[in-house]
Amino acid sequence: MNRRRDELAPPGLSAGALTDRVSATVLGTRPPRAWWLALGLATLLSLLFLVGVVYVLSAGVGAFGLNIPVAWGFPIINTIWWIGIAHAGTLISAVLWLTRQDWRASISRSAEAMAMFAIVLAGSYPLLHLGRPQFAYFLLPYPNLMDLWPQWRSPLVWDFFAIASYLLFTASFLFLSLLPDLASLRDRARHRAVQLFYGVLALGWRNSARHWHRYQQAHRVLAVIAVPIVVSVTGTISLDLAVSIVPGFHFTIFPPYFVAGALYSGFATVAIIAIVLRALFGFRDLITRAHLNRLGIMMLCFVLVVDYAYLQEVFTAFYTGEDFYRSVYYDRWSGPYAPFYWGMILCNVVLAQGLWFRRLRESVPGLLCLAVIAEIGMWLERFQIVITSTHKDYMPSAWDTVTPSAWDWLTYAGSIGVFVVLLLLFIKLMPAISMHDMREMLHRRKQREADHG
Amino acid sequence: MDERLHGLLARFPDADRLLAASRDLRRRGLTRLDAYSPHPVEGLDQALGLSERRVPVIALVCAVVVGAGALALQVYASLDYPFNVGGRPVLSWPAYTIVTFAMTMVGATLGAMLSMLWLNGFPRPYHPLFNVAEFDAASRDGYFLCLEASDPLFDAERLREHLLQNGAVSIQEVPA
């Protein structure tokens, strides 16, 4: 392999220069103009979310395009889509750390932040969908006068626990990995107020060997439990569908199929964020084409699993010999939602094959296009799973179609705006590249060079 | 003078020199010393005699306790208010595994995080080392070793020589 092309960081980069460069993006006085522009546009977009939420809460959940039988609609589609995006962040920061992948160092921070904000948005949709969100606490087991408990056999209760525990885990992991970097910022800051801000957050971290010793132990524990968490959270959400008897939902392949799709769309989001960071802060030498290439390879791995699952689902439907299962597929292929199905096939099966070409994976516009295609394709997949399965299940008397309302689209577009706003604020307030991970990576590289030379 | 001193802070040019110096001084019987580096250095914890494994143990205990508690709660709730849904057994344990698993992860997460913070003595707003201007480099590219004055074998003059022999580039006294 071409060594020069596979470089993960500039050859002569020292730990000091790296720390100065990354902390300058936070402590420097003026963010780039593109950052302000992006923040302005994203804020406008996020106002749509606010308007949508206020309207839906005041008018009721009927403002969304929902009916019986299609009771789930956009809120659940978007929950599955957002939680899936979060998963790649956990995989990069934990699983790739356990397997000692050097290339994760420069993108792990943005991936963790992405995971954090994606879970917040994923969690907000079920609350909106409740109709009476003020009763959300009914999901919690708490002593009450009615002597009632949550229904522990219900997938909706499982969901609540899965998402809440994932949120707690991701927040802890993000803070843990930020801790040494907050100390770096505290030590670099020159204004008293800034020193206080990062100093309070750094909790008195001194880079002592004792700190690092316990830090690594805690990090290892969290990384190890991240492995089952990555496969279990979206797996649990898929059970909402799979434990029902609705044709099109009731497949045993659902948990792995959902996880692969989640990781596919998540890596696509990491790729988009990596490309934006490169352009915004000039990190082209820290997030290199070699990183983009690897992100593309990860996307390819998971999209192939997704494609296999599509095939397997169709096979299962026909192999059961059940008319109801088969008719779900006839309906997906030629029914009122056929454009969504074929759009999904176009994105995730046909266009995604572009990921096989290294030239495309390494080119910025090429990977950006493939990543956007992945996001659209995965959203269409979630759409066709949630909507097409319920709109035409067993009894023709129960069949109905549903049209997404303007509020569906506004809230969805607005939630992307909220995500971008949160991410832009994060990369301005916190180092977008994990400085201590990079220092460790550079240290290892120096040792390797010393051993070989 | 020694009562007013927190210790001696020596700076080393690289991780290997810091590691060698830590090993050397530890061999000479010093116990109250700590090394500071901008990233974890492999072997440094052994060199300083750090072998405690309390963080993973606490995490494991928390995971088991919280997980068992979650399972017990579900069992108790099912018995306290039996729900007959389509004739399913009152104790449908397979359905309880998911919440139990999620809460086990919560226990492990909180156990690992909080024990790390607690054992490291965080939050710690003040420390004598923060008074040393050069110490800011510990979070950039500086490798430091601090010999604390509370050590029974502490002798500033003699230790200064040992540190220089081990390749320290600068040594300064840290006021308490």
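Reader: How far apart do the end C-alpha atoms of residues 57–76 of chain B lie?
Author: This is a predicted model, in which local features need pLDDT of at least 70, side-chain atom pairs count only at pLDDT 80 or more, and totals for chains, interfaces and linings use all residues. Residues are numbered from 1 along each chain as its sequence is written, while chains are lettered from A and ligands numbered from 1 in the order in which they are written. An unreviewed UniProt entry lists residues 57–76 of chain B under "transmembrane region". The span is 100% helix (a DSSP run of H or I, at least four residues), and its end C-alpha atoms lie apart by 28 Å.

Reader: Which element of chain A supplies the largest share of the side that touches chain B?
Author: Contact means C-beta atoms, placed from the backbone, within 7 Å; 48 residues of chain A are in contact with 52 residues of chain B. Among the helices that each supply at least two residues of this side of chain A are α1 (15–27) and α5 (155–188). The largest share, 16 residues, comes from α7(A).

Reader: Which helix gives the largest share of the largest nonpolar core?
Author: A nonpolar core is a set of buried Ala, Val, Leu, Ile, Met, Phe, Trp, Tyr and Cys residues joined through C-beta atoms within 7 Å, where buried means that 20 or more other C-beta atoms lie within 10 Å of a residue's own. This core has 188 residues, and I83(A) and Y264(A) are among those touching the most other members. The largest share, 17 residues, comes from residues 254–281 of chain A, helix α8.

Conventions. Buried ≥ 20, exposed ≤ 12 C-beta atoms within 10 Å, placed from the backbone. Contact = placed C-beta atoms within 7 Å. UniProt positions renumbered as here; feature names shortened; annotations may be inferred.
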